[in-house]
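Me: Hey, could you walk me through this protein? I'm new to reading structures, so plain words please.

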Amino acid sequence: MRTAVLVCLCLFAGAGVAEPIVFARWPRNVTNANDGVRINGVDHGVVSVRTDLAIDRPAKITMKMRRTARSERNPGHFGVELYGGGFRAHFYTHDGAHFIASLHRDNVRLYDNGVRGSAVVFPPQADSPWVDVALYVQPKLAELHAAGAPRGMLNDALLPVKGLSLYGYHNDIEVKDLAW
């Protein structure tokens, strides 16, 4: 019985607790709101916030996200980007239903991969619901899930991940509970 308890405690201790992702710099039009990040891009073009990471093993990056407004003149898009050794993995959506995963290496876009959705996951409204978002990063694969469904995938070597950015291009978004 003692052995079983000890094994359970060791497994629990080694399971790892999610490590929060924090931003040290707050650029213009990015604020701390609702215990998270608010990006005000509707009238400002591209607004982004970036932080450094040191992820060198498979990981799951989680967050809650919502879109609170979009420009009527230029609906734009919003999303998440991962950075590493010469790559940029870009996961984004224009309308909140269809998602695009794009891989750039050394500032050259290698390919885009789109996933068509049938329902708007991110409605542009002030009281929009929070949506669970997860980025699964494996040695040769990265996949975005939103509202429990796969929304974009990139097949390439994406480890180590050295940075993450959130952005809104003519969109206002909020993100909280960001961790890996």
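**Chatting through the model**

Reply: Sure! Start with confidence: this is a predicted model, and the protein chain averages a pLDDT of 89, with 91% of the residues scoring at least 70.

Me: Which bits have the lowest and highest confidence?

Reply: Confidence is lowest in helix 1 (residues 2-14), where the mean is 35, and highest in strand 4 (residues 59-70), at 98. Across residues 1-15, pLDDT stays under 50, and the model gives that stretch zero contacts beyond four places in sequence.

Me: So how should I treat a low-scoring part?

Reply: Where pLDDT is low, don't read the predicted coordinates in detail.

Me: Got it. How many cavities of 30 Å³ or more are there?

Reply: The structure holds one. About 80 Å³ of space lies in it.

Me: What lines the largest cavity?

Reply: The lining is made of Met65, Phe78, Gly79, Val80, Phe91, Tyr92, Thr93, Phe99, Phe122, Val133, Leu144 and Ala146. The elements giving two or more residues to that lining are strand 5 (77-84), strand 6 (87-93) and strand 10 (141-146).

Me: And how do those lining residues split into nonpolar, polar and charged?

Reply: Ten are nonpolar, two are polar and no residue of the cavity lining is charged.

Me: I see a few Phe in that list. How many aromatic pairs does the structure hold?

Reply: It holds three. One of them is Phe78 with Phe122, an edge-to-face pair at 5.4 Å centre to centre, with 85° between the planes.

Me: Why does that pair tie together parts that are apart in sequence?

Reply: Phe78 lies in strand 5, while Phe122 lies in the loop between strand 8 (108-115) and strand 9 (131-138), so the pair links parts that are 44 residues apart in sequence.

Me: Are Phe78 and Phe122 buried or exposed?

Reply: Both Phe78 and Phe122 are buried. They also belong to one aromatic cluster, formed by Phe78, Phe99 and Phe122.

Me: Okay, switching to pockets. What's the volume of the largest pocket?

Reply: The largest pocket has a volume of about 210 Å³. Its lining has 14 residues, and those nearest its centre are Ile21, Asp35, Gly36, Asp177 and Leu178.

Me: Which strands supply at least two residues of the pocket lining?

Reply: Strand 2 (36-40) and strand 13 (171-179) each do that. Strand 13 provides the largest share of the lining, with five residues.

Me: What about the classes of residue there?

Reply: The lining of the largest pocket has nine nonpolar, two polar and three charged residues.

Me: Strand 2 again... what's Val37 doing in there?

Reply: Val37 lies in strand 2. At 6% relative accessibility, Val37 counts as buried, because the cut-off for buried is under 20%.

Me: Which residues is Val37 in contact with, leaving aside its neighbours in sequence?

Reply: Beyond four places in sequence, Val37 is in contact with Phe23, Trp26, Val30, Thr31, Val49, Ile173, Glu174 and Val175. Take Ile173: Val37 and Ile173 are 136 residues apart along the chain, yet their C-alpha atoms are separated by 8.2 Å.

Me: Can you give me another buried one to look at?

Reply: Try Ala89, which lies in strand 6. Ala89 is buried, with a relative accessible area of 0%. Not counting residues up to four places away in sequence, Ala89 touches Val80, Glu81, Leu82, Ser102, Leu103, Leu154 and Leu158.

Me: And how far is Ala89 from His104 in space?

Reply: They are 6.4 Å apart, C-alpha to C-alpha, and 15 residues apart in sequence.

Me: Last topic: which residues are joined by a cis peptide bond?

Reply: Leu159 and Pro160 are, with omega at about 0°. Pro160 sits in the loop between strand 11 (149-154) and strand 12 (161-169).

Me: What about positive phi in residues that aren't glycine?

Reply: Asn29 has a positive phi of about 70°, and its place is in the loop between helix 1 and strand 1 (30-33). His170 has a positive phi too, near 60°, and is found in the loop between strand 12 and strand 13.

Me: Are those two buried or partly exposed?

Reply: Asn29 is partly exposed, with a relative accessible area of 25%, whereas His170 counts as buried at 11% relative accessibility.

Conventions. Residues are numbered from 1 along each chain as its sequence is written. This is a predicted model: local features need pLDDT of at least 70, side-chain atom pairs count only at pLDDT 80 or more; totals for chains, interfaces and linings use all residues. Side-chain values use heavy atoms; hydrogens and water are left out. On a 1 Å grid over the protein atoms alone, a cavity is a set of points where a 1.4 Å probe fits but cannot get out, and a pocket is an open set with protein on both sides within 12 Å along at least five of seven lines; lining residues have an atom within 4 Å of a point. Grid points are joined across faces, edges and corners, and a volume is the space filled by probe spheres set on the points. Helices (H or I, at least four residues) and strands (E, at least two) are DSSP runs, numbered from the N terminus. Ala, Val, Leu, Ile, Met, Phe, Trp, Tyr, Cys and Pro count as nonpolar, Asp, Glu, Lys and Arg as charged, and the others, Gly among them, as polar. pLDDT is the predictor's confidence in each residue, from 0 to 100. Contact means heavy atoms within 4.5 Å. Rings of Phe, Tyr and Trp (its six-membered ring) pair if their centres lie within 6.5 Å; planes under 30 degrees apart count as stacked, over 60 as edge-to-face and the rest as tilted. Buried means under 20% relative accessible area, exposed over 50%, partly exposed in between (1.4 Å probe, protein chains only).
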